[in-house]
Amino acid sequence: MEVKLQEIDDRSKSNSRRIEALEEHIERQDELIKSVAVMAEKQNEMDKSLGEIKSDIKQIKDKPAKRWDSIVEKALLCVVTGLIGYIFVKLGLA
């Protein structure tokens, strides 16, 4: 009976050590999960910021093209107006 009791006591101590090791392992996993969650949140914030930056860059890039289009439009308007005025003068309507 004493031998059996010693075996059970030894097994109990062994199981206690294994349980403690598992608890430590689970705690490390929990910390890792929390870290991954924080990283995912930061990644989402970075994605939003990157989207805003891309939008701003596109607006900055398109601005000179809009100015050039406006200049060309006004130049064409002046030329067409001049031609119409010239035609009216030649026809004697003005």
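## A one-helix chain and its surface

Asp62 and Lys58 sit four residues apart in helix α1, which puts about one turn of the helix between them. Their side chains meet in a salt bridge, with 3.7 Å from N to O. Keep in mind that this is a predicted model.

How exposed are these two partners? Asp62 has a relative accessible area of 26%, so it is partly exposed. Lys58 comes out at 52% relative accessibility, so it counts as exposed; the cut-off for that word is over 50%.

The structure holds two salt bridges, so let's look at the pair formed by Lys13 and Asp9 as well. Here the closest N and O atoms are 3.7 Å apart. Lys13 and Asp9 are four residues apart in helix α1, so about one helical turn separates them. Lys13 is partly exposed because its relative accessible area is 46%, and Asp9 is partly exposed too, at 33%.

Here are the two bridges side by side:

| Salt bridge | N to O distance | Relative accessible area |
|---|---|---|
| Lys13 and Asp9 | 3.7 Å | Lys13 46%, Asp9 33% |
| Asp62 and Lys58 | 3.7 Å | Asp62 26%, Lys58 52% |

Now for the chain as a whole. How many helices and strands does the protein chain have? The tally is one helix and zero strands. That helix, α1, takes in residues 2-91.

The overall dimensions go with that picture. Along its principal axes, the C-alpha trace spans about 135 × 15 × 10 Å. The radius of gyration is 40 Å, whereas a compact globule of 94 residues would have one near 12 Å.

What share of the 94 residues counts as buried? The figure is 0%, where buried means under 20% relative accessible area. The accessible surface of the protein chain adds up to about 9200 Å², and carbon and sulfur atoms account for 63% of that.

Two patches on the surface are worth finding in the 3D view. One is a patch of negative charge, where Glu20, Glu23, Glu24, Glu27, Asp30 and Glu31 gather. Glu20 is part of helix α1, and it counts as partly exposed because its relative accessibility is 46%.

The other patch is nonpolar, and it is made up of Val80, Ile84, Tyr86, Ile87, Phe88, Leu91 and Leu93. Together these residues offer about 720 Å² of accessible area. Ile84 belongs to helix α1; with 42% relative accessibility, Ile84 counts as partly exposed.

Finally, a look at charge over the whole chain. The protein chain carries 17 positive and 18 negative charges. How far apart are the mean positions of the positive and negative charges? They lie 13 Å apart.

Definitions and conventions:
Residues are numbered from 1 along each chain as its sequence is written. This is a predicted model: local features need pLDDT of at least 70, side-chain atom pairs count only at pLDDT 80 or more; totals for chains, interfaces and linings use all residues. Side-chain values use heavy atoms; hydrogens and water are left out. Patches are made of residues with over 30% relative accessible area and no salt bridge: like charges are joined within 9 Å, nonpolar side chains (Val, Leu, Ile, Met, Phe, Trp, Tyr) within 5 Å. Accessible areas come from the Shrake-Rupley method with a 1.4 Å probe; for residues, only the protein chains shown count as cover. A salt bridge is a side-chain nitrogen of Lys or Arg within 4 Å of a carboxyl oxygen of Asp or Glu. Lys and Arg count as positive and Asp and Glu as negative; His and the chain ends are not counted. The place of a charge is taken as NZ of Lys, CZ of Arg, CG of Asp or CD of Glu. Helices (H or I, at least four residues) and strands (E, at least two) are DSSP runs, numbered from the N terminus. Buried means under 20% relative accessible area, exposed over 50%, partly exposed in between (1.4 Å probe, protein chains only). The radius of gyration is taken over C-alpha atoms; the globule rule is 2.2 Å times the number of residues to the power 0.38.
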